[in-house]
Amino acid sequence: MTQLARICLLGLLLSMLLACTTAAQKPQTTELPQNAPDPDAVKLAALGEQALRLAQEHAKDALLRQIFADSDLAKTTFHFTDQAATNVIQVIVPAPDTPSDQWLVEPNVLSPLAGHAEPGINLQRLKIGPKRVAQAITAHWPGCVVRGMTLYREDDRLTWTAFCNTPAGVVSGNMDNQTGVFRPSDAPPASIPITATPPP
């Protein structure tokens, strides 16, 4: 190898080393990691822990079975059962900043959850909050008005189901908590009577 070739090679290696060092010194990004939970999912999990303590006053073995978030993402209802699913306890949080001593606790509620003993929801696994679900359904049906969202456990996975009003009726879709993929329902819009309420 000639002297000129050695000098060129040395210069190339020094340039690469300088580039790597500069890249390593760049400041860390403030963005959340891709697998970090949504901020509202973290808040919802914290509310759920408080709601569980209230439910345990009526059933020491209470398990969280469903969460319903209303259309403006303010009022949240937590549905618990005892392990045998003989007692359904409903804890209603009027707004995220409402003190827990003002939450409404209703034991012995009539509910389709009664009689179906299944494992409860582990909110520590919640990654997707209701805001992302609402954004997904309104992006798919532009102009629709969100009625509410339900979080439930199915086949060991957490799933959100969202409902949205359109001029043609109520549409719905699911979002998987693991993947964040939104899947709109293939069913045609459903006509709901004005007096009806969204499912719990």
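This is a short chat about the largest pocket and the salt bridges in a predicted model.

Visitor: Hey, what kind of model is this?
Guide: A predicted one, where local features need pLDDT of at least 70, side-chain atom pairs count only at pLDDT 80 or more, and totals for chains, interfaces and linings use all residues. Residues are numbered from 1 along each chain as its sequence is written, and side-chain values use heavy atoms, with hydrogens and water left out.

Visitor: OK, how many salt bridges are there?
Guide: A search of the whole structure turns up five. A salt bridge here is a side-chain nitrogen of Lys or Arg within 4 Å of a carboxyl oxygen of Asp or Glu.

Visitor: Which residue does Asp-38 pair with?
Guide: Arg-132, with 2.7 Å from N to O. That pair links distant parts of the chain, 94 residues apart: Asp-38 sits in the loop between helix H1 (3–24) and H2, and Arg-132 in helix H3. Helices (H or I, at least four residues) and strands (E, at least two) are DSSP runs, numbered from the N terminus.

Visitor: Is Asp-38 buried or exposed?
Guide: Buried, with a relative accessible area of 13%. Arg-132 is partly exposed, at 34%. Buried means under 20% relative accessible area, exposed over 50%, and partly exposed in between (1.4 Å probe, protein chains only).

Visitor: And what does Arg-157 bridge to?
Guide: Asp-176, with the closest N and O atoms 2.9 Å apart. Arg-157 lies in strand E6 and Asp-176 in strand E7 (residues 169–176), so the pair ties together parts 19 residues apart in sequence. Arg-157 counts as partly exposed at 34% relative accessibility, while Asp-176 counts as buried at 17%.

Visitor: Which residues are linked in a network of salt bridges?
Guide: Arg-125, Arg-153 and Asp-156. Within that group, the closest N and O atoms of Asp-156 and Arg-125 are 3.5 Å apart.

Visitor: New topic: how much space lies in the largest pocket?
Guide: About 290 Å³. The closest residues to its centre, out of 14 that line it, are Asp-40, Lys-43, Leu-73, Pro-130 and Lys-131. On a 1 Å grid over the protein atoms alone, a pocket is an open set of points where a 1.4 Å probe fits, with protein on both sides within 12 Å along at least five of seven lines; lining residues have an atom within 4 Å of a point. The volume is the space filled by probe spheres set on the points, which are joined across faces, edges and corners.

Visitor: Which element gives the most to that lining?
Guide: H2, with five residues.
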